[in-house]
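User: I've got this one open in the viewer and would like to talk through how its inside is put together. Can you take a few questions?

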Amino acid sequence: MQRTRRFEFGTFIVVLVVVCGSLVACGGSKASSNGTTDAAIDGSGGADAADASVQSPDADGFVGGFDVSGPDTAMEDATSDTATADTMPGDLTSEDSGNGDAPLGDTSLGDSASPDDSGVGDTNVDDLSLADTSDDTTPSDVVADLTIVPDLASGPDAVAGLTVELRVRYDVGQGNSIVLRGDGPGLSWDADKPCVLGGGSLWVCSVGGVTQPFKFKPVFRYGNGDIVWPEGPDWIAPADPKGLDLQPFYFNKKGTLTSISVSSAIYGKSRTVRIYLPPSFNEPGAAAYSYPILFMFDGQNLFGGGGTWQLESALDELLTYGKHNNVLLGGVREMVVVAPEHGGVDRIYEYTPVNGSYDGCNASVQTCGGGGDDTLDFILGEVLPAVQKKYAGRLLPGRFGIAGSSLGGLMSLYACWTRTESFERCGIFSPSLSWSNSYIVKLVKDYVAPKKQLEIYLDASETQDNTTLLGSLYDDLISRSGANAYKVDDDLFCLIGLGQGHNEGSWAIRAPFAMHNLYRDPHRVQVVPVPLESNLVRCGN
């Protein structure tokens, strides 16, 4: 019995390139934990509940996002490495028979008769016909509708008839293997092309005679012939002799929430740091994988139930299926989210780059802000070493992502602009751009060349954020001369939330599009243009 992971693409055209956005502005109005709203700081109106009022959810209270019954509802806490419900390789006894994910060694997969998880994700990546509701569709129904971007099809390394190596480092367990299926030379969606086990758990899948990019999936094959398709959209193999290194996963659909306490010399006390580990992180076969880090501000506001971003649910769907609200966006690289909690009454001071006044605090006579550099030193000098030690060998070095909302959005832009050597992906939600006489807008505009190599996501609510300032910032970034300009749908994406507020619920709506934009996988299929929800528009529209 063969288990087929399928995806419904509807009538969208699937392309191997990413989508992004366009124009307009932001500001702030979120209540900080001492009762002072970011609206008072930003002068833009609107406020949500105080940050300090968002309570830490119980460790057993996290809900994944697809299944609200049975063991799939519990996210792992810091003391449990086995609570992730979907069975994984090496688990020879399944207690999760309700959702059909079989363990290695189980010769009856039980998941090919009908889609699991209420139909999310069991449709084929290449099936562009919504009318096809059969359960036996194979992953190659409409290959002609794939559009390949020309610069991928013929680059400087492209060679006619070359051999491309696709490398998967995955521990399959005894008697099992990785095989390749796809539409490249010598490949089929209905038959296996064996991959060769190299050193350790490295599987090398070689495809010869390659003259153009092709779609494929590395498939988990049990010794008895049963197969499991990897989660997510198809990969695209470039016509490039360098090949690809892949990190597929097969058995986990949900990430893990945990936390650590970091002792800080900067703050003189410990600070809780919330962590989201992506679905493959605790899949035994994927133990050799490494992941990029995304730092986020206001850690206590991101995960859990109502009143938070409920970010774990959005990431689970996006990373596992390439979807948001069951609408396909495209393949996304897994990341580890590291989110320190803010300092309560000290939040405004910690989340501002320079001193500035707000209601109740006059910067001309007292210190009201300006602790932003200490906060970035805390993140890079104390939080980063702590998570690197805890997850030794699992986190990628180099430059990181950073994201936040309101004052956290202000700090994300400040971090990317002043510490570009450390940060490369910037998630800037409803930033408080008016802080200290629009200090950050002037800082950005005063620096033009050479261009900072950044991926920037900007957004705002239509009515409760300072869209005028954001529009000015956006216009400056895209109108710079020559190679110094940021390009819409390339390294700059901007959204406006229609009828939305300056609050966690509104950021939760926009977060999946930000994550898809910042971490889209250039080697997996993407839907272009990105299908936005009715309450979102691209900037400038």
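User: Which residues have the most contacts inside the largest nonpolar core?

Analyst: Keep in mind that this is a predicted model. Its largest nonpolar core counts 87 residues. Inside that core, the ones with the most contacts are L166, Y170, F216, F295, I456 and L458.

User: And which helix gives the most to this core?

Analyst: Look for the top contributor to the core: it supplies eight residues. That is helix 6.

User: How many of the 12 residues of helix 6 are buried?

Analyst: Buried here means under 20% relative accessible area. L407, G408 and G409 pass, as do L410, M411, S412, L413, Y414, A415, C416 and W417. Helix 6 is therefore largely enclosed by the rest of the structure, and the count is 11 of the 12.

User: How far apart are the end C-alpha atoms of helix 6?

Analyst: Helix 6 covers residues 407-418, and at 1.5 Å a residue it should span 16 Å. The model agrees with that, since the end C-alpha atoms are 16 Å apart.

User: Now the open sheet in the order 6-7-3-11: which strands stand at its edges?

Analyst: The sheet has four strands with mixed pairing. An edge strand has a single partner, so one side of it is left without a neighbour in the sheet. That fits strand 6 (196-197) and strand 11 (244-246).

User: What is the bridge partner of V168 in strand 11?

Analyst: Strand 3 (residues 162-169) runs parallel to strand 11, and three bridges join them. For V168, the partner in strand 11 is L246.

Technical notes:
Residues are numbered from 1 along each chain as its sequence is written. This is a predicted model: local features need pLDDT of at least 70, side-chain atom pairs count only at pLDDT 80 or more; totals for chains, interfaces and linings use all residues. Side-chain values use heavy atoms; hydrogens and water are left out. Helices (H or I, at least four residues) and strands (E, at least two) are DSSP runs, numbered from the N terminus. The expected span of a helix is 1.5 Å times one less than its number of residues. Buried means under 20% relative accessible area, exposed over 50%, partly exposed in between (1.4 Å probe, protein chains only). Two strands pair if DSSP finds at least two bridges between them. A nonpolar core is a set of buried Ala, Val, Leu, Ile, Met, Phe, Trp, Tyr and Cys residues joined through side-chain atoms within 4.5 Å.
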